[in-house]
Amino acid sequence: MRVSKKTTEIISYLSERYGTDLRCFLHFNKEKPYELLFATILSAQCTDERVNIVTEQLFKKYETLEAFANASLSEMENDIRSTGFYHNKAKNIIACARELIEKYDGEVPSDIDELTKLPGVGRKTANVIRGNIYEIPSIVVDTHVKRISNRLSYTDSDDPVKVEQDLEKSLPKDEWILWNLQIISFGREICTARSPKCELCGIKKYCRYSEKNH
C-alpha cells in the first residue's frame with residue numbers, strides 16, 4: 001500500500017519516542033496463552049495496573065485451565081472484585097475456560113471468528129490474542145486508539161469495528177500491532193482524554209483537536 005507522508009511521520013515519531021518492541025502491558029505466562037485471554041477480559045473498564053495486581057494472585061490460585069473451569073462462581077467473583085463488573089467477568093472466565101477445554105482441547109484459537117464466539121470475547125480481546133500470542137497483524141481498538149485516531153483524522157467513527165477498518169486502510173500491516181502499543185503510551189503521557197499536553201506533542205500539526213483548541 002502507498003503510505004502517506006502524514007502516516008510516515010506519525011509512525012516515525014511514535015517509534016522514536018516509544019520504541020518498536022512488541023510488548024504487552026498485561027502480565028501472563030507465555031506458556032499459558034489463556035492467561036492473557038482472561039487478563040484481557042478483566043481489563044474491560046479497568047486499568048492494566050489493577051488487572052496485573054489481581055492476576056498475580058489469581059494465576060497462582062488457579063494454576064491450570066481446568067482449575068478455572070472448575071472454579072466456584074462466588075469465589076471467582078470475590079477474587080476479581082476490584083476489577084469491576086465482576087459478576088459478568090467471573091461468569092465469562094469460567095465459561096470460557098470450559099469451552100476452551102471442551103471445544104479446543106485447551107488451546108486458545110487464533111481465528112478471529114472462533115475467538116469471538118468465546119464467552120466475554122469481543123474483537124478487541126480477540127485482536128490482543130492474535131497480535132500478542134500468534135503475531136498475526138491485528139489492530140486493537142481501545143479507548144486510547146479510538147480517541148487519538150479520531151484526533152489524527154484517521155477515522156470519524158466511535159464504533160470500534162469501523163475504527164479498526166479505517167486504520168487498516170491507512171496503516172502499513174507491519175505497524176498494526178505496534179500502533180496499539182505506541183498509542184497507549186502516547187495517550188497516557190501526552191494525548192490524554194482531558195487536557196492533552198499539546199505543547200509536548202511532535203505530531204500536533206496533524207491533530208484536529210490541537211488545531212481547534214489552540
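## Helix α8, on the inside

In this predicted model, the buried residues of α8 are Thr 125, Ala 126, Asn 127, Val 128, Ile 129, Arg 130 and Gly 131. That makes 7 of the 10 residues in the helix, which runs from 123 to 132, so α8 is largely enclosed by the rest of the structure.

What does the covering? The elements over the buried residues of α8 include α2 (33–42) and α7 (112–115), along with α10 (160–170) and α11 (176–189).

## Two nonpolar cores

Helix α8 also has a part in the largest nonpolar core, being one of the helices that supply at least two residues each. This core has 38 residues, and Leu 37, Phe 38, Phe 68 and Met 76 have the most contacts inside it. Besides α8, the helices giving at least two residues are α2, α3 (48–61), α4 (65–69), α5 (73–80), α6 (86–104) and α7. Helix α6 brings the largest share, with 8 residues. As a general backdrop, nonpolar side chains in soluble globular proteins tend to be buried together.

Take Leu 37 as a way into the contacts. Leaving out residues up to four places away in sequence, Leu 37 touches Cys 96, Leu 100, Val 108, Leu 118 and Val 121, and also Thr 125 and Ile 129. Those last two, Thr 125 and Ile 129, are among the buried residues of α8. Apart from the largest core lies another one, of 23 residues, and its members include Val 163, Leu 171, Trp 176 and Ile 183.

## A cavity with cysteines around it

Searching the whole structure for cavities of 30 Å³ or more turns up 1. It holds about 100 Å³ of space. There are 13 lining residues, and those closest to the centre are Phe 186, Cys 191, Cys 198, Cys 201 and Cys 207. By class, the lining has 11 nonpolar residues and 2 charged ones, with no polar residues.

## Cysteines without bonds

How many disulfides does the structure hold? The count is 0. For Cys 46, the closest cysteine sulfur is in Cys 24, and at 14 Å that is too far for a bond. Cys 46 has 17% relative accessibility, so it counts as buried.

Cys 201 is in no disulfide either, and its nearest cysteine sulfur belongs to Cys 191, 6.5 Å away. Cys 201 is buried too, at a relative accessible area of 14%. Both Cys 201 and Cys 191 are among the residues closest to the cavity centre.

## Asn 180 and Tyr 209

Now for two residues in the later helices. Asn 180 sits in α11, one of the helices covering the buried residues of α8. Is Asn 180 buried or exposed? With a relative accessible area of 9%, Asn 180 is buried. Setting aside neighbours within four places in sequence, its contacts are Val 140, Asp 142 and Val 145.

Tyr 209 is found in helix α12, residues 208–213. Its relative accessible area is 25%, so Tyr 209 is partly exposed. Not counting residues up to four places away in sequence, Tyr 209 touches Arg 151, Pro 196 and Cys 198. Arg 151 is 58 residues from Tyr 209 along the chain, yet their C-alpha atoms are separated by 5.6 Å. The contact with Cys 198 leads back to the cavity, as Cys 198 is among the residues closest to its centre.

Notes. Residues are numbered from 1 along each chain as its sequence is written. This is a predicted model: local features need pLDDT of at least 70, side-chain atom pairs count only at pLDDT 80 or more; totals for chains, interfaces and linings use all residues. Side-chain values use heavy atoms; hydrogens and water are left out. On a 1 Å grid over the protein atoms alone, a cavity is a set of points where a 1.4 Å probe fits but cannot get out, and a pocket is an open set with protein on both sides within 12 Å along at least five of seven lines; lining residues have an atom within 4 Å of a point. Grid points are joined across faces, edges and corners, and a volume is the space filled by probe spheres set on the points. Ala, Val, Leu, Ile, Met, Phe, Trp, Tyr, Cys and Pro count as nonpolar, Asp, Glu, Lys and Arg as charged, and the others, Gly among them, as polar. Buried means under 20% relative accessible area, exposed over 50%, partly exposed in between (1.4 Å probe, protein chains only). Helices (H or I, at least four residues) and strands (E, at least two) are DSSP runs, numbered from the N terminus. Contact means heavy atoms within 4.5 Å. A nonpolar core is a set of buried Ala, Val, Leu, Ile, Met, Phe, Trp, Tyr and Cys residues joined through side-chain atoms within 4.5 Å. A disulfide is a pair of cysteine sulfur atoms within 2.5 Å.
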